[in-house]
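User: I'm new to this structure and would like a close look at one part of it, the small open sheet. Could you walk me through that sheet and then show me how the rest fits around it?

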Amino acid sequence: MVRLDDILEKIRSYLPGADLDLVRKAYVFSAKVHQGQSRLSGEPYLTHPMEVAYILAQLRMDVPTVVTGLLHDALEDTLTTREELQGVFGEEIASLVDGVTKIGKFFLRSHEERQAENFRKMLIAMARDIRVILVKLADRVHNMRTLSHKPVEQQKRIARETLDIYAPLANRLGISWLKGELENLSFRYLEPKACQELSEKISRKQKERESYIGEVKKLISAKLEEQGIKGEVSGRLKHLYSVYLKMERQGIDFEQVHDLVAFRVIVDSVRECYEVLGIIHSTWKPVPGRFKDYIAMPKANMYQSLHTTVIGPFGDRMEVQIRTWDMHNVAEEGIAAHWKYKEGKTTPGDEQEVRGFGWLRQLMEWQRELTDSREFMDAVKIDLFPEEVFVFTPRGEVKELPKGSTPVDFAYTVHSDIGHTCVGARVNGRLVPLKTQLHNGDVVEVITAPNHTPSKDWLKFVRTSKARNKIRQWVKAEQREKSIEIGRDLLEKELRKHGMSFNRALSSGAMNRALEELGFHQVDELLASVGYGKLSPGQTAARIVPEEKLRAEQESRPSRIGQVLNKIRKKPSSAIKIQGIEDIMVRFAKCCNPLPGDKVIGFITRGRGLTVHTSNCPHVLEADPERRVDVEWDMKKKTTRPVKINVYCHDQKGILAAITGAITQGEANIIAANMHATVEKRAVNTFEIEIENLDHLNKIINAIHKIKGVYKVERARS
């Protein structure tokens, strides 16, 4: 537990001569008003404001901010009034505590308007006095550290809120250690299994990595000493959540993460930063595309450093950051630590700090321009949530879209009819193609034409579910109308062969008998089925034409074609069983290349018969469900199917022979093979082989996996 002396000692270390009596006074006041209260852990409630105050002291905040940390829950959780705080501690501290209280539960309410309003209050308070949000961040850090005492549902909700709101804010303020801790703590509760597994994997080789860090530090220090440069060298493991994100983003296993360790060199001047960079690059080979100069081009939060990745002394990738001491202080504490306070108002100390907090003034401009709370919140999210795009209508209304959205997505967001009749778009006054990706702040104007209709091709680039669903519904309705028309024409021709017409079948009641026997409720349903190709015109006509008439026709002129078709039916050409469908050609989709053993589904295409897809194939999932047919494999029938596999391996002698040997030993025939060497002595080999079924494929993949030097084997899809 943090003691008062710990807080006072921390403040003395960076603010000699500070008014520590005010801190003591706040400690006594907080202890008094929180007396008898306890946290869920069973500890006295006072431990929480004490921990928050110590975190603020770690951030090198001024005395009023640390005092606010001690008092931040006084208005919300005790009988203390704002007037009482103002009388005891003055207007500045009372205002800070009041600001923290107002935003205390800004994101915990479910009502959209209230949620937006509270988020707005928080950011306005933040722009007026950054210290309010720093107290809230410190409060959140300690709450996350003690989150295990909350119910599981609350743990996940609070962790998600922390990852979505507070960690980005800490990053925006440049407080790297606080951002890292909030992300790691959120990760622990949102993905507990993944977090534990990753922690265990990292800890298994902890001693080995500590030894590695020590060796590399000695090597870098020796190189600096040779050139007469004084610098501090340190090494650390990257924080847990960043490693997890990298694995998820690149789709790799932990064993494939080669730059777990980052080294930092801190020197006295900018000139020495570039000298050290030259030393690092001349000693170890730099990795192309992995150098960032944040000194010449600082980040928005004023973070400055040189970042480079090299192939280190033991053949592993390692990241090296190079910065001055001033840059290091900003990186660790954030630019908020350098903010000047005078009479309770924030004023910048120099031009760099003015630029660094420009985004806060932007919030105030948005607040003046956007009167609607939700609109203001959306505009602010541009800065906090990079996975979303916020664009404007010509009238200034904000529309939130997923990253990668197009003018078609925008059109459907405005109204379904606007989307259906969209023929073009202007973005920022310029005509653009409909598949153009939108960016934050774009002003989008949709051009419509009354008789225009959606295109099925739009499904290839739209991103929003609303646009996708509306386009699918329209395409499905259009195809149904066409299928009904085609079905009627086909049935009319078939009935004429028997001396009947479609209208006569309707008026005589013969059509009703066909509907009942074939399981349809409406004539349009039956016609659509014929038009789609699910039902043949001959099958349908056989239920409409009287049996005695059909029998007489068959006796008078036996059909040679019918005899041939019967032979074909007795000898099916594929290993697919189709229930309720006759006289249809079967082929296999190249997009998913199904194998016996895969779950499959059929899709009927006019003129091309039935195409078999895997049941999770994106192409068939996006297609009209009316054309889907339940099919299954006839596992009794022996057949082979071609399939492609990709084998990722190290480019080493004899490995190709081992892979082909594993395939032939698995009793599979190699139809074609393609080999391609990549960088860093890696290779990708694609084999097309003949396989009996899914079990046969898995057996071969497992055999290839066991070959030394092979690190990934996957089934290829077109």
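Analyst: A quick definition to begin with: helices here are DSSP runs of at least four residues, strands are DSSP runs of at least two, and both are numbered from the N terminus. Counted that way, the protein chain has 31 helices and 23 strands. Keep in mind that this is a predicted model.

Now to your sheet. It's an open one with three strands in the order S12-S11-S13, and the pairing is antiparallel. Strands S12 (430-432) and S13 (444-448) are at the edges with a single partner strand each, so each has one side without a neighbour in the sheet. On average, neighbouring strands of this sheet are turned by 35° against each other, direction ignored.

Let's look at one of those pairings. Strand S11 covers residues 422-427, and five bridges join it to S13 in the antiparallel sense. For a spot to find on screen, try Gly 424, whose bridge partner in S13 is Ile 447. As for what lies over the sheet, helix H20 (residues 407-414) lies across S11, S12 and S13, and it runs at about 80° to S13.

Another set of strands is worth a visit. Strand S16 (residues 600-605) has five of its six residues buried, so the rest of the structure largely encloses it. S16 pairs with strand S17 (residues 609-614) over six bridges, antiparallel, and there Val 600 stands opposite Thr 614. S16 also pairs with strand S18 (residues 628-629), again antiparallel, over two bridges; in that pairing Gly 602 stands opposite Val 629.

Stepping back to the whole chain, buried residues make up 46% of its 718 residues. In general, nonpolar side chains tend to be buried together in soluble globular proteins. Here, the largest nonpolar core holds 71 residues, and among those touching the most other members are Ile 11, Val 23, Val 67 and Phe 89. Helix H9 (residues 130-145) gives this core its largest share, nine residues. A second, separate core has 24 residues, including Leu 224, Val 267, Leu 306 and Val 320.

Val 67 is a handy one to click on: leaving aside neighbours within four places in sequence, Val 67 is in contact with Leu 22, Val 23, Ala 26, Phe 89 and Ile 93. For the chain overall, take the contacts between residues at least 6 apart in sequence: 64% of them join residues at least 24 apart. And on the outside, the accessible surface comes to about 37,800 Å², with 49% of that belonging to carbon and sulfur atoms.

Methods
Residues are numbered from 1 along each chain as its sequence is written. This is a predicted model: local features need pLDDT of at least 70, side-chain atom pairs count only at pLDDT 80 or more; totals for chains, interfaces and linings use all residues. Side-chain values use heavy atoms; hydrogens and water are left out. A nonpolar core is a set of buried Ala, Val, Leu, Ile, Met, Phe, Trp, Tyr and Cys residues joined through side-chain atoms within 4.5 Å. Buried means under 20% relative accessible area, exposed over 50%, partly exposed in between (1.4 Å probe, protein chains only). Contact means heavy atoms within 4.5 Å. Accessible areas come from the Shrake-Rupley method with a 1.4 Å probe; for residues, only the protein chains shown count as cover. Two strands pair if DSSP finds at least two bridges between them. Axes are lines fitted to C-alpha atoms, for helices over the stretch in contact, and angles run from 0 to 180 degrees between N-to-C directions.
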